[in-house]
Amino acid sequence: MGRGKFKAKPTGQRHFSTPEQMLAGTSTRPRTFKRQEAEYKEEEESEESRQESEEESDDETEQKRKGTQGVIEVNNPNLVKPKNLKARDLDAGKTTELSRREREELEKQRAHERYMRLQEQGKTEQARKDLERLARIRQQREEAAKKREEEKAAREQKKVEARK
């Protein structure tokens, strides 16, 4: 896009395609190049089919690669499609290793369960304190109940004496 008062030169800026763009088919080029390229690809495919018929190879399973992927061999684990395993193919006897977090979580749960069992049996420090507190509270309540009974009996005694 032109800026300013004057027009740009009639040729403008030229844009050259890189070889990668040309192979990927993303470059902008005249239709004649596309026709020539299609003819060139047909020739390459016919040569490849002749070579494949001569020798059987494991390359049939590989997908056709775009750009520089065919030139550079990369062992990227993310590019490998995961194979779906069926239930019958799984090894049931094989145990999987737990991650550190999962292992710690399991240990934490087991420790909590063990502590709760000891708590129920009254063997922990906290359980002993709770039991002592409960015993004191029961004793206080019993004493308060006795006191109420005595006061009640005293009131009734006063009523009986007042009637006489």
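This is a short dialogue about a predicted model.

User: What makes up the fold, helices or strands?
Analyst: The protein has four helices and zero strands. From the N terminus on, the order is α-α-α-α.

User: How many of the 164 residues count as buried?
Analyst: Buried residues make up 4% of the 164. The accessible surface comes to about 17,500 Å². Carbon and sulfur atoms hold 49% of that surface.

User: Why is T124 called buried?
Analyst: Its relative accessible area is 9%. The cut-off for buried is under 20%. The value 9% falls under that cut-off, so T124 is buried.

User: Where is T124 found?
Analyst: T124 sits in the loop between α3 (100-121) and α4 (125-163).

User: What makes the link between T124 and Q119 a polar contact?
Analyst: The two side chains meet at 2.7 Å. A polar contact needs a pair of N or O atoms within 3.5 Å. The distance of 2.7 Å lies within that limit, so the T124–Q119 pair fits on distance.

User: Why is E45 called partly exposed?
Analyst: E45 has a relative accessible area of 44%. Partly exposed lies between the buried limit of 20% and the exposed limit of 50%. The value 44% falls in between, so E45 is partly exposed.

User: Where is the place of E45, and which surface patch does E45 help to form?
Analyst: E45 lies in helix α2 (residues 31-54). A negative surface patch is formed by E39, E42, E43, E44, E45, E47 and E48.

User: Why is that patch called negative?
Analyst: Its members are E39, E42, E43, E44, E45, E47 and E48. Glu counts as negative, so the patch is negative.

How values were computed:
Residues numbered from 1 in each chain as written. Predicted model: local features only at pLDDT ≥ 70, side-chain atom pairs only at ≥ 80, totals over all residues. Heavy atoms only, no water. Patch = residues over 30% accessible without salt bridge, like charges linked within 9 Å, V, L, I, M, F, W, Y side chains within 5 Å. Areas by Shrake-Rupley, 256 points an atom, 1.4 Å probe, with all protein chains shown as cover. Salt bridge = Lys/Arg side-chain N within 4 Å of Asp/Glu carboxyl O. Charge placed at Lys NZ, Arg CZ, Asp CG, Glu CD. Helix = DSSP H or I, 4+ residues; strand = E, 2+ residues; numbered from the N terminus. Buried < 20%, exposed > 50% of the residue type's maximum accessible area, 1.4 Å probe, protein only. Polar contact = N/O pair within 3.5 Å; in protein donor to acceptor, adjacent residues only side chain to side chain.
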